[in-house]
Amino acid sequence: MFKVYTNVVEGYKGMEVPYSIVSKSEGCKNIAIILPGAGYTVQSPLLHFSTSVFLNKSFDVLQINYRYNDKLYDDFSMAEISEAIKVDVNTVIDEVFFHNSYENIYLIGKSLGTIPMGGVLNREEFSEAKAIWLTPLIQREDVLESLLGSKNKGLLFIGDQDPYYTSERFEEASKNPNVTAKLIPEVSHILEYNEKTLDSIDVLKRIVADIDHF
């Protein structure tokens, strides 16, 4: 039986940032931190099943449920959203790690959620963390530099029909020996095929199996 603890912190410009910790047991020393996309929430297939993988391995799972699609953020530029997510993610992590100490850490970011990953992985307590980059925004210099400079063991998935994909940038990201980069032909930004539901489920299975193994 899982316990779900929900709370909010005061994040960027005083905006509330909700988060949840899903836990199987008290005093767990393992945690997976999920940073969803703008519209790709923790209920979306890849993140839902990633949560299951880690819960089945007796990890706590921290889901940071920022809501940058809300009207409150309508006036924000992309640059300000990028600043907000970095502040908000670190504020939640500060709060959670103040009350709990973890020894085995995984960080899973999807799309927008890959923007703050480099900064988080540079934190002292994340020096041994492992990172899963789902459709990273590799057209952004900060995300590409985070990938290239990462000393953390990592796993990267992206499709060649993703608007953020370019072969040059993918090849750059693949140069880091710490990161295993996987390109999936013909899949979109949500790592699914257009109009091929069963084939999309097969891709989902392969990615979740890789995450389980990792």
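These legends describe close-up views of a predicted model.

**View 1. An open sheet of eight strands.** The strand order is 1-2-4-3-5-6-7-8, and the pairing is mixed. Strand 1 (3–10) and strand 8 (179–184) stand at the edges. Each has a single partner strand, so one side of each is left without a neighbour in the sheet. From one strand to the next, the twist averages 15°.

**View 2. The pairing of strand 1 with strand 2.** Strand 2 covers residues 16–23. Strands 1 and 2 run antiparallel and are joined by eight bridges. Thr6 stands opposite Ser20 of strand 2.

**View 3. Helix 2 on the sheet.** Helix 2 spans residues 78–99. This helix lies across strand 1, strand 2, strand 3 (30–35), strand 4 (60–64) and strand 5 (104–110). Helix 2 runs at about 45° to strand 2.

**View 4. Helix 6 on the sheet.** Helix 6 (residues 197–213) lies across strand 6 (130–134), strand 7 (154–159) and strand 8. Its angle to strand 7 is about 170°.

**View 5. Helix 1 and its buried residues.** Helix 1 (residues 45–56) has 12 residues. From first C-alpha to last, helix 1 reaches 16 Å, close to the 16 Å expected at 1.5 Å a residue. Leu46, Leu47, Ser50, Thr51, Val53, Phe54 and Leu55 are buried. The buried residues of helix 1 pack against strand 2, strand 3, strand 4, strand 5, strand 6 and helix 6.

**View 6. The residue Ser58.** Ser58 comes just after helix 1. Its phi is positive, at about 65°.

Key:
Residues numbered from 1 in each chain as written. Predicted model: local features only at pLDDT ≥ 70, side-chain atom pairs only at ≥ 80, totals over all residues. Heavy atoms only, no water. Pairing = 2+ DSSP bridges. Helix = DSSP H or I, 4+ residues; strand = E, 2+ residues; numbered from the N terminus. Axes fitted to C-alpha atoms, helices over the stretch in contact; angles between N-to-C directions. Contact = heavy atoms within 4.5 Å. Expected span 1.5 Å × (residues − 1). Buried < 20%, exposed > 50% of the residue type's maximum accessible area, 1.4 Å probe, protein only.
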